[in-house]
Amino acid sequence: MAKPAEVTDATFDEEVLKSGEPVLVDFWAPWCGPCRMVAPLVEELAGEYDGKVKFVKLNTDDNMQTAARYGIRSIPTLLMFKGGEPIDQVIGFRPKGDLKRTIEKALA
Amino acid sequence: MARKEYEIVIIGGGPAGLAAGLYAARARRKTVLLEKGVIGGQIALTELVENYPGVPSINGFDLAQAMLNQAESYGLEVEYAETTGIEQDGRLWLVRTAEDDYVAKAVIVTAGADYNKLGVPGEERLTGRGVSYCATCDAAFFKEQHVAVVGGGDAAMDEGLFTTRFADRVTVIHRRDKLRAGAILQERAFANPKMEFVWNTVVTEILGEDGVTGVSLHNRETGEESTMDVAGVFIFIGQHPNTGFLGGLVPLDEGGHALVSEWMETELPGLYVAGDARRNSARQVVSSAGDGATAAIAAEHYLSNGFGE
């Protein structure tokens, strides 16, 4: 099962923007309670969409640059990237069904 | 859409719902708890809970997880779904969500309360983009910036003070000429060099394209209109109970809280309301947990006696 890999300010361009597949980025931080509820959902989805969508996570405490670049001011935020551009977002904890709909939209 | 059958359905996964779930599951009743957002509800966003007896200090999310694990260990089931309606179906209850319908002999509503919104242009669009209802969640994104806090109660001062750990300057915008917050919080707020106060003033619009850049203000005394540049707006102007789906079913007070007996019973057999959703709740973790336990005990009595089993 493809567990979401950690990306950083240094690897973001390579791992996310230049990816051939759509990428879901989970912006999180260790102090954020709801982030800890999103993480297992994202892990499950990573398994379900293995090979179709890439899943990564970015710690906003350690990677302020990327968080600032995409205007992240609340976590958890999930950003969906396609062709190097953010095309959709989910802010705050949402049930798995909502996350699935966001992913399906990106694949459509 | 599936139709799922339970003995007890609990609506809302805060302390009241989790305590009700623990008691119902330990009574060996087939019970499901429906949660629309985050387990723990308001406490999931609370940095520290320091007034739950026996627990000197704990992160709110961790306390909620401990309550959840305890209830699940006795068989409580949890599903993530938002309740859209409740109906009486003969002697049974039908709880509708966007995904599925749940049939139960008893329903315990522990849906809690949600923060109020200002209802001004820009607020919805910029939520998560500088508009926030939780400083402990989002303040870290405003390092060395200027932010506004709207409100004058305990939550506004508490969260405003927390925000000063990160922001350089925190401007409290309050529609009256004095704070409603408790004395200790007021003392701390006035003593904090990063905090400043704009009185008799309301926010009429939140400005910004992709993120908040400022607020439009209206002074209620002088009628003066102005704008203020800020990178974030933290809004703490009270809460409303999540009882919309109870409308027309049971009596609510003018604030939307359900009227219940001291056993958390409504006028309808098998329907209970506990915690912040009921009238006269003390709105504490410990009192809500107590409410939930009371409702579950009452529901258990009802199922063993009143329901005629």
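## A buried threonine in chain A

Leaving aside residues up to four places away in sequence, Thr66(A) touches Asp9(A), Phe12(A) and Leu58(A). The model in which these contacts are found is a predicted one, and that should be kept in mind throughout this report. Thr66(A) belongs to helix H3 of chain A, which covers residues 64-69.

Is Thr66(A) buried or exposed? Thr66(A) counts as buried because it has 22 C-beta neighbours inside 10 Å, where 20 or more are needed for a residue to be called buried. Leu99(A), by contrast, is not among the residues listed as touching Thr66(A); the two are 33 residues apart in sequence, and their C-alpha atoms are 22 Å apart in space.

## Confidence in the prediction

For the complex as a whole, the predictor gives an ipTM of 0.79 and a pTM of 0.81. Chain A has a mean pLDDT of 92, with 98% of its residues reaching 70 or more, while chain B averages a pLDDT of 95, with 99% of the residues scoring at least 70.

Within chain A, the mean pLDDT also varies from element to element: helix H2 (residues 33-48) of chain A has the lowest value, 89, and strand E3 (residues 54-59) of chain A has the highest, 97. Where pLDDT is low, predicted coordinates should not be read in detail.

## The build of chain B

Chain B contains six helices and 19 strands. Its radius of gyration is 21 Å, close to the 19 Å that the globule rule gives for 309 residues, so chain B is as compact as a globular protein of that length. Along its principal axes, the C-alpha trace of chain B spans about 65 × 40 × 35 Å. Of the 309 residues in chain B, 49% are buried, and among the contacts in this chain between residues at least 6 apart in sequence, 62% join residues at least 24 apart.

The domain assignment divides chain B into domain 1 (3-115 + 239-306) and domain 2 (131-235). The centres of domain 1 of chain B and domain 2 of chain B, taken over C-alpha atoms, are separated by 33 Å. Where these domains meet, the contact takes four residues from domain 1 of chain B and four residues from domain 2 of chain B; by class, the side belonging to domain 1 of chain B has two nonpolar, one polar and one charged residues.

## The largest nonpolar core

Which residues have the most contacts inside the largest nonpolar core? They are Val9(B), Val107(B), Ile108(B) and Val233(B), in a core of 126 residues. Helix H1 (residues 15-26) of chain B gives the most to this core, contributing eight residues, and the core draws at least three residues from each of domain 1 (3-115 + 239-306) and domain 2 (131-235) of chain B.

Val107(B) can be followed further through its own contacts. Not counting residues up to four places away in sequence, Val107(B) touches Val9(B), Ile11(B), Ile86(B), Trp93(B), Val95(B), Gly270(B) and Leu271(B); one of these, Val9(B), is also named among the residues with the most contacts inside the core.

## Where the chains meet

How many residues does the contact take from chain B and from chain A? It takes 19 residues from chain B and 16 residues from chain A. On the side of chain B that touches chain A, helix H2 (60-73) and helix H3 (135-138) of chain B each supply at least two residues. By class, this side of chain B has seven nonpolar, eight polar and four charged residues.

## Backbone details in the loops

In chain A, the peptide bond from Ile75(A) to Pro76(A) is cis, with omega near 0°. Pro76(A) is placed in the loop between H3 and strand E4 (77-82) of chain A.

In chain B, Asn200(B) has a positive phi, near 55°, although it is a residue other than glycine. Asn200(B) sits in the loop between strand E13 (195-198) and strand E14 (201-207) of chain B, and it counts as partly exposed because it has 15 C-beta neighbours inside 10 Å. Asn280(B), which is not a glycine either, has a positive phi of about 65°. Asn280(B) lies in the loop between strand E19 (271-273) and helix H6 (285-306) of chain B, and with 9 other C-beta atoms within 10 Å it is exposed.

Technical notes:
Residues are numbered from 1 along each chain as its sequence is written. Chains are lettered from A and ligands numbered from 1 in the order in which they are written. This is a predicted model: local features need pLDDT of at least 70, side-chain atom pairs count only at pLDDT 80 or more; totals for chains, interfaces and linings use all residues. Two residues are in contact if their C-beta atoms, placed from the backbone, lie within 7 Å. Helices (H or I, at least four residues) and strands (E, at least two) are DSSP runs, numbered from the N terminus. Ala, Val, Leu, Ile, Met, Phe, Trp, Tyr, Cys and Pro count as nonpolar, Asp, Glu, Lys and Arg as charged, and the others, Gly among them, as polar. Domain bounds come from an automatic or database domain assignment. A residue is buried if 20 or more other C-beta atoms lie within 10 Å of its own, exposed if 12 or fewer, and partly exposed in between; C-beta atoms are placed from the backbone. A nonpolar core is a set of buried Ala, Val, Leu, Ile, Met, Phe, Trp, Tyr and Cys residues joined through C-beta atoms within 7 Å. pLDDT is the predictor's confidence in each residue, from 0 to 100. The radius of gyration is taken over C-alpha atoms; the globule rule is 2.2 Å times the number of residues to the power 0.38.
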